[in-house]
Amino acid sequence: MQYLEGRKFVVQGIFLAVALVFAVRLFHIQVLDGSYKLAADKNTLQRIVQTPYRGMIYDRNGQLLVHNIPVYDLLVIPREVKNLDSARFCQILQMPIEELREGLKAAKTYSRSKASPLVQNLSTPELAAIQDNLVDFPGFSIKARMARAYRTDNMAHALGYVGPISPMMLEKPKYAKYVAGDFLGISGLESFYEKELMGRRGVQYRMVNVRGVEKGAFRDGEFDTLSVAGQDLHLSIDAELQKYGEFLMQGKRGSIVAIDPKTGEILAFVSAPAFEPTRLTGKGLGNRYMELLRDESRPLFNRPLAATYPPGSVFKLVNEAIALQEGVVTPETGFPCNQRLVRCTHRHEYPANSTIAIKNSCNPYFYQVMFATVRRNRSPNKFKDAALGLAEWRKHVTSFGLAQHLGVDIPGERMGLIPSPNFYDKRYGQNRWGYKTVYSLSIGQGEIGITPLQMANLMAIFANRGWYYAPHFVRRIGNGGPLPQFAQKHYTTVAAQHFESIIPGMLAVVNQRGGTGINANLSDAGIWVAGKTGTVQNPHGDDHATFAAFAPAEDPKIAISVFIENAGFGGSSAAPLAGLMIEKYLRGKIAPWRNRWEQWLPGPAHRFVVHH
Amino acid sequence: MNQVRYSRSIDWVTLLLYILMVGLGLLNVYAASYSPEMPFSKVFSSDWSGLMAFNWFKQLVWIGAAVVLIVILIVIDYKAYDTFAYVLYGGMIALLLVTLVIARPIAGSRSWLELGPVRLQPAEFAKFTTALAVSRFMAGINLRQQNFRQQMVLVGLTLLPPALIIASNETGQALVFGAFLLAYFREGMSPLILLILAAGAVVLILSLLVPKLWLVGVFTVILALVFVFNSRILRHHLPLALSTYAVVVGMVFGVDFFYNNVLQPHQRKRIEVLINPSADPLGFGWNVTQSKIAIGSGGLLGKGFLEGTQTRFDFVPEQSTDFIFCTVGEEWGWFGTMITVVLFMTLLARIIYVAERQKSVFGRTYGYCVASIIFFHFCVNIGMTIGLAPVVGIPLPFFSYGGSSLWSFTILLFILLGIDAYRKQDLVR
């Protein structure tokens with residue numbers, strides 16, 4: 001029997017082996033593996049997010065445009081649902097039973113004990129119907145949340161819209177503070193000023209037990225934060241002017257941008273065709289969005305920012321300013337209206353000086369003006385000379401805010417195109433192109449693209465005689481001012497006196513007999529409009545009409561650009577429209593004898609086209 | 001006999017360990033049932049019946065009763081255990097039978113006897129009576145001598161109580177009787193039986209993890225390799241090699257049959273979630289998942305006394321009885337769980353030490369039975385809370401809340417101390 005005593009070591013060994021396994025396993029799950037701690041917090045910590053009031057949006061006269069209203073969601077806590085009479089439930093809510101099943105399944109997948117939305121944005125009749133019957137449906141509840149509501153039917157393109165955050169966005173670090181189901185600005189001002197509008201969310205950590213019953217604050221609220229309401233935005237938009245602009249653009253495609261040249265504040269921002277901002281709120285947002293997206297007239301396309309057109313004859317003003325700055329012409333320089341250089345569209349008096357040339361928009365004259373700027377005989381090779389000249393020309397042009405982002409405070413701005421020598425080198429080869437290749441730039445046609453916003457800004461520059469503030473919508477954030485970048489003056493490379501000598505030409509366009517922009521004339525109301533017409537060659541159809549202007553010429557308060565697609569010559573449709581806008585803004589009303597314009601202008605663009 | 005000698009002969013180390021473990025157990029039962037809405041002061045202002053609503057207070061009452069039990073057990077002459085071993089065994093079998101007939105089912109098991117306000121689980125007391133009976137029997141035979149009839153009687157003695165317990169649907173408590181094998185091993189049982197059982201366990205786990213045809217394939221390849229590289233062994237021991245192979249292959253399929261046809265669906269589920277707890281996290285996997293989360297979130301030093309969120313907010317089920325170890329793990333961290341493991345190891349080592357110093361086979365076998373039973377509970381209970389063993393409803397000795405369990409372990413342990421205390425007097429007499 002003695003040798004059996006040794007077996008006590010075997011027994012002890014078994015005991016110790018198990019203890020060792022436990023020690024290692026416990027060390028692993030308690031000390032090494034942190035995932036259990038996270039799981040424990042997920043069990044017991046409930047994060048209650050208090051979404052603050054989203055900031056409201058006002059126009060420049062303090063008129064409320066965008067505010068918040070409560071909407072109601074139907075929530076469900078799957079584990080509390082008992083004996084659900086689905087037939088009756090679906091009948092009350094007028095929803096197909098498959099939808100209910102899908103919804104319940106999705107809610108269960110999310111969590112059995114936490115509430116998830118089953119129906120969002122209950123309509124008023126739905127809310128009334130279900131609220132009375134809620135006692136019969138345990139596990140279902142109604143929760144109010146705030147949604148965007150609009151006091152205006154206009155400027156959807158500038159305001160943008162608010163929508164639920166997408167799963168794709170949630171993965172980006174930029175949206176780390178958001179959770180699924182949150183709403184945020186998707187486009188326009190709502191998106192650009194998301195941070196300011198949203199405010200700061202409050203977070204409270206509550207401890208809950210296994211049944212979801214609250215058991216008090218976590219660490220006495222050490223980690224809780226209070227919510228801070230979003231800041232209101234005060235826009236520079238004049239809601240009346242905006243409404244008027246959208247009215248005038250009815251039935252057309254195009255845009256109107258009006259800027260206060262002294263401040264860079266945008267007064268009107270019309271993109272046509274337009275749609276009511278309410279269409280991108282509430283139930284069925286996704287469907288309506290798709291509807292707008294599929295619309296052939298592309299209402300979602302933010303034309304003032306994202307459409308680039310050749311500026312047409314308006315660009316002659318820029319070429320004249322550059323030539324004056326370079327000293328290659330004077331205001332008194334005359335060039336013959338030589339039709340062999342380039343066709344001139346209308347018959348007119350001899351362009352003996354720049355004012356006459358601008359008034360009549362003489363193509364050969366500006367061919368020669370730009371030729372003087374570009375061909376300076378700095379190289380015996382005419383190709384090299386043209387390239388040198390074009391590079392210098394481009395430097396001046398870009399100082400007008402062209403071929404760059406102006407930095408407006410909504411997303412989606414396009415830069416446009418001002419070609420560089422490099423651009424033509426790539427297309428034709430180095431030293432294989434000359435002035436004859438690029439001459440169309442002299443009259444604002446060809447390989448050049450600018451946005452309606454840049455065009456309006458161009459007018460602001462002429463109004464200011466050489467400088468601009470970046471155009472922007474928001475003049476006040478909460479109680480503060482605009483963003484700092486909008487208080488920074490940008491100067492062009494052209495001296496003020498050169499602008500001064502171009503303005504008589506612009507005045508002549510509108511105010512002299514035979515001027516191309518005579519339809520924008522407001523002299524009868526004592527307003528001196530300075531402007532320039534343009535007709536944008538369009539290889540796809542009828543030409544686009546454009547007119548850009550500022551007024552009053554002696555103390556400019558508004559700079560405006562109007563683009564109407566496929567409306568032919570700028571003087572016949574764009575000019576009167578700009579005139580009305582200016583009058584509306586400066587006088588607040590339209591002279592009775594111009595009412596016929598008001599009646600005639602809204603409608604399809606083709607009516608303005610005169611085929612020769 | 002005089003009192004001084006008597007008090008000296010009690011094994012103070014074991015007693016101290018017992019007091020420590022029961023004390024720590026009470027502390028954790030208090031924490032597990034602690035509710036911030038019912039603070040201590042409020043409890044004491046309420047009356048007695050109100051106090052009885054608290055697990056920790058009831059546990060305190062049972063500890064008080066256990067002290068009385070201890071005194072009685074030590075005062076009783078050790079010879080009484082020897083003498084009345086079979087009587088106690090018989091009485092217990094009768095009690096199990098009675099329970100089976102009259103007990104109302106509680107949570108699917110007919111194992112609780114209700115005596116007025118107190119509920120007792122006779123299965124708990126089957127452990128020490130069976131231990132006494134087999135020790136008594138063992139003292140009269142020699143396991144080394146291959147007396148088949150005696151061996152069968154021993155097997156019968158060991159298997160009768162668990163059979164009755166299984167009939168009352170309390171499988172966990174029945175499994176405990178398997179622990180007696182360790183005691184028999186010490187008394188001369190062939191180690192082959194332990195090895196075969198261990199191999200069986202390995203095959204069981206393997207056959208649940210890998211497809212059984214793979215397993216058979218692997219064993220065949222091993223046999224073939226042995227044959228190729230050392231054909232001499234096979235030639236000399238061919239019958240042994242082939243029969244081992246046959247047994248192993250038989251086990252693979254046997255386990256499969258056992259798993260699919262013998263086990264009840266809920267038992268199958270428990271093994272399934274052991275292998276993959278995320279298979280059914282809200283159903284059968286819930287206990288394992290939540291208990292691992294509670295223990296795992298404790299960290300190195302724990303969240304502190306009464307600070308455990310998982311246990312206090314009811315995420316862990318049965319938190320003061322079978323899952324009391326979760327409270328230890330969550331509130332005291334690895335530090336606390338290691339103290340518990342070390343306490344058990346020390347106690348087991350001490351029991352083995354005490355058993356080995358017994359002069360009689362009866363005393364020694366009984367000592368080993370005590371160690372084996374406590375070890376089995378320790379193994380399975382802690383194993384299930386950390387996902388190493390299937391969820392079998394057996395308590396952690398001395399720690400878990402519950403009168404039956406506390407008393408049964410107290411009796412189990414102090415009968416041994418009683419026997420041990422008289423060991424020296426035997427010499428004196």
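This briefing describes selected features of two protein chains, beginning with chain A and ending with chain B and the contact between the chains. The model is predicted. In chain A, the secondary structure amounts to 22 helices and 18 strands, and of its 612 residues 44% count as buried. Among the contacts in chain A with a separation of 6 or more, 71% come from residues 24 or more positions apart.

**The five-stranded sheet of chain A**

- An open sheet of five strands in chain A follows the order β12-β11-β18-β17-β16, and its pairing is antiparallel.
- The edges of this sheet are formed by β12 (265–272) and β16 (530–536) of chain A, each of which pairs on one side only.
- On average, and with direction ignored, neighbouring strands of this five-stranded sheet are turned by 5° against each other.
- Within the sheet, strand β11 (residues 254–260) of chain A is joined to strand β18 (residues 558–564) of chain A over six bridges in the antiparallel sense, and A:Ile259 has A:Ala559 of β18(A) standing opposite.
- Helix α10 (residues 239–248) of chain A lies across β11 and β12 of chain A, where the helix runs at about 25° to β12(A).
- Helix α20(A) lies across β16 and β17 (544–551) of chain A, and α20(A) runs at about 70° to β16(A).

**The three-stranded sheet of chain A**

- A further open sheet of chain A has three strands in the order β1-β8-β9, again with antiparallel pairing.
- Because β1 (45–50) and β9 (214–217) of chain A stand at the edges with a single partner strand each, one side of each is left without a neighbour in the sheet.
- Neighbouring strands of this three-stranded sheet are turned by 40° against each other on average, direction ignored.
- Strand β8 (residues 202–208) of chain A pairs with β9(A) in the antiparallel sense over two bridges, and A:Arg206 stands opposite A:Ala217 in β9(A).

**A pair of helices and a single residue in chain A**

- Helix α13 (residues 316–326) of chain A packs against helix α20 (residues 496–511) of chain A at an angle of about 135°, with the axes 9 Å apart, and the two helices are therefore oblique to each other.
- The crossing of α13(A) and α20(A) is right-handed, and the contact is made by A:Leu317, A:Glu320, A:Ala321, A:Leu324 and A:Gln325 of α13(A) together with A:His498, A:Phe499, A:Ser501 and A:Ile502 of α20(A).
- Sorted by class, the contact of α13(A) with α20(A) has five nonpolar, three polar and one charged residues.
- Away from this helix pair in the present account, A:Pro164 belongs to strand β6 (residues 162–164) of chain A, and A:Pro164 counts as partly exposed because 16 other C-beta atoms lie within 10 Å.
- The C-alpha atoms of A:Pro164 and A:Phe183 are separated by 4.2 Å, although these residues are 19 residues apart along the chain.

**Helix packing in chain B**

- Helix α6 (residues 78–102) of chain B packs with helix α8 (residues 148–167) of chain B at an angle of about 10°, the axes being 10 Å apart, and α6(B) and α8(B) are therefore roughly parallel to each other.
- The contact joins B:Ile93, B:Leu96, B:Leu97 and B:Leu100 of α6(B) to B:Leu160, B:Pro161, B:Leu164, B:Ile165 and B:Ala167 of α8(B), and by class it has nine nonpolar, no polar and no charged residues.
- Helix α7 (residues 122–140) of chain B and helix α19 (residues 361–385) of chain B cross at roughly 145°, with axes that come within 8 Å, and the crossing of α7(B) and α19(B) is right-handed.
- Among the residues that meet in this second pair are B:Lys127, B:Ala131 and B:Leu132 in α7(B) and B:Val361, B:Phe362 and B:Thr365 in α19(B).
- The residues of the contact of α7(B) with α19(B) divide into 11 nonpolar, two polar and two charged.

**The contact between the chains**

- The contact between chain B and chain A takes 34 residues from chain B and 30 residues from chain A.
- On the side of chain B that touches chain A, the elements giving two or more residues are α10 (180–186), α16 (285–296), α17 (309–312), α18 (324–356) and α19 of chain B.
- With 11 residues, α18(B) gives the most to that side of chain B, which by class has 20 nonpolar, 10 polar and four charged residues.

Note on methods
Residues numbered from 1 in each chain as written. Chains lettered and ligands numbered in written order. Predicted model: local features only at pLDDT ≥ 70, side-chain atom pairs only at ≥ 80, totals over all residues. Axes fitted to C-alpha atoms, helices over the stretch in contact; angles between N-to-C directions. Helix = DSSP H or I, 4+ residues; strand = E, 2+ residues; numbered from the N terminus. Parallel < 35°, antiparallel > 145°, perpendicular 65-115°, else oblique. Left-handed = near helix turned anticlockwise from the far one by under 90°. Contact = placed C-beta atoms within 7 Å. Nonpolar A, V, L, I, M, F, W, Y, C, P; charged D, E, K, R; others polar. Pairing = 2+ DSSP bridges. Buried ≥ 20, exposed ≤ 12 C-beta atoms within 10 Å, placed from the backbone.
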